[in-house]
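Subject: Handing over a structure, with notes on what I found

Dear colleague,

I am passing on the structure we spoke about, and I would be glad if you could look it over with the notes below beside you.

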Amino acid sequence: MSDKKQTHFGFQTVDEDAKASMVHEVFSSVASRYDLMNDLMSAGVHRVWKNAMMDWLAPREGQHLLDVAGGTGDVAFRFLDRAPGGRVTVCDMTESMLVEGRKRADAVEKGDRLAWVTGDAMALPFADNSFDRYTISFGIRNVTRIPDALAEAYRVLKPGGRLMVLEFSQIPVPAMQWAYDRYSFNVIPAMGQAVTGDRDSYQYLVESIRKFPDQDAFADMIRAAGFARVQYRNLSMGIAALHSGWKL
């Protein structure tokens, strides 16, 4: 029995210091097919969710966004499309995800306004009060210590800066959650095997969603990190949710 602090990796219990490397292995394995699998798993709805994120974030000229766990650039490109004079730093712990992002045509076109940095959400390699906006999409549930990541988000945001998190969440209607669970556990790992040759990584991803706090519990975690005016909006009946908070 380990005497180290423990956490979850999907439904497994693991030592905290082992989780980051396990998550890194998952995303290294699926990086080349990550965007394709997102389209297949959600029938393209993840694009609608990310557009909704941008609608609420309302990017403005001159803003500097830090997009954490943003490896393939989906959120970064959307931000720059809406704020052509803005800048984005994409930070991801998995270099192979950043490599895939830099290959995309949008990355070439917008290259002078983009930076790609390998880094850990729990120990960001940036100075205090550096960014106007911080986003993380479908990444915070993979962090070993979520409160540490939220504290880092607060630290690197400028006063008046805004945090926005897009993450899978919980459907408040039990029968609908049951049906969604059946789809997730029976279809997504099999799809991952067929498309990427990696069932285990997608089994983990499905399990990690079930271990993530519900909407109200996560909002409380954001408040505990120091953020004010914390709100959330359900997307697709709660399959995903957007959480917003301000550093005031």
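At 40% relative accessibility, A58 counts as partly exposed, because that value falls between the 20% limit for buried and the 50% limit for exposed. Please bear in mind throughout that this is a predicted model. A58 sits in the loop that joins α3 (45–57) to β3 (64–68), and although A58 is not a glycine, its phi is positive, at about 55 degrees. There is a second residue of this kind, S236, which is likewise not a glycine and has a positive phi near 50 degrees. You will find S236 in the loop between β8 (228–235) and β9 (240–246), and with 31% relative accessibility S236 also counts as partly exposed.

From the loops I turn to helix α8, which covers residues 174–196, 23 residues in total. From the first C-alpha to the last, α8 reaches 31 Å, close to the 33 Å expected at 1.5 Å a residue. The helix nevertheless bends by about 30 degrees at V187, and a proline, P189, follows within four residues of that point. Among the buried residues of α8 are Q177, Y180, D181, S184 and I188, as well as P189 itself. After α8 comes G197, whose phi is positive, near 75 degrees.

How is α8 placed against helix α9? The two helices, the second of which spans residues 199–211, pack at an angle of about 155 degrees, with their axes 7 Å apart. Since angles over 145 degrees count as roughly antiparallel, α8 is roughly antiparallel to α9. Their crossing is right-handed, and the contact draws on residues of α8 including Y180, F185, A190 and T196, and on residues of α9 including R199, Y202, V206 and R210.

Within α9 I would also point you to S201, which counts as buried because its relative accessibility is 6%. Setting aside neighbours within four places in sequence, S201 is in contact with V26, S29 and V30. The C-alpha atoms of S201 and T13, which lie 188 residues apart along the chain, are separated by 16 Å.

A second pair of helices is worth setting beside the one above. Helix α7 (residues 146–156) packs with helix α10 (residues 215–224) at an angle of about 50 degrees, and their axes are 9 Å apart. That angle makes α7 oblique to α10, and α7 passes α10 in a right-handed crossing. On the α7 side the residues that meet the partner helix are I146, P147 and L150, while on the α10 side they are F218, M221 and I222.

Finally, is D67 buried or exposed? D67, which belongs to strand β3, counts as buried, because its relative accessibility is 2%. Not counting residues up to four places away in sequence, D67 touches V75, A76, V88, T89, V90, C91, T135 and I136. The C-alpha atoms of D67 and S137 are separated by 8.2 Å, although the two residues are 70 residues apart along the chain.

With best wishes

Conventions: Residues are numbered from 1 along each chain as its sequence is written. This is a predicted model: local features need pLDDT of at least 70, side-chain atom pairs count only at pLDDT 80 or more; totals for chains, interfaces and linings use all residues. Side-chain values use heavy atoms; hydrogens and water are left out. The expected span of a helix is 1.5 Å times one less than its number of residues. The bend at a residue is the angle between axes fitted to the seven residues ending there and the seven starting there. Buried means under 20% relative accessible area, exposed over 50%, partly exposed in between (1.4 Å probe, protein chains only). Axes are lines fitted to C-alpha atoms, for helices over the stretch in contact, and angles run from 0 to 180 degrees between N-to-C directions. Angles under 35 degrees count as roughly parallel, over 145 as roughly antiparallel, 65 to 115 as roughly perpendicular and the rest as oblique. A crossing is left-handed if the near helix is turned anticlockwise from the far one by less than a right angle, and right-handed if clockwise. Contact means heavy atoms within 4.5 Å.
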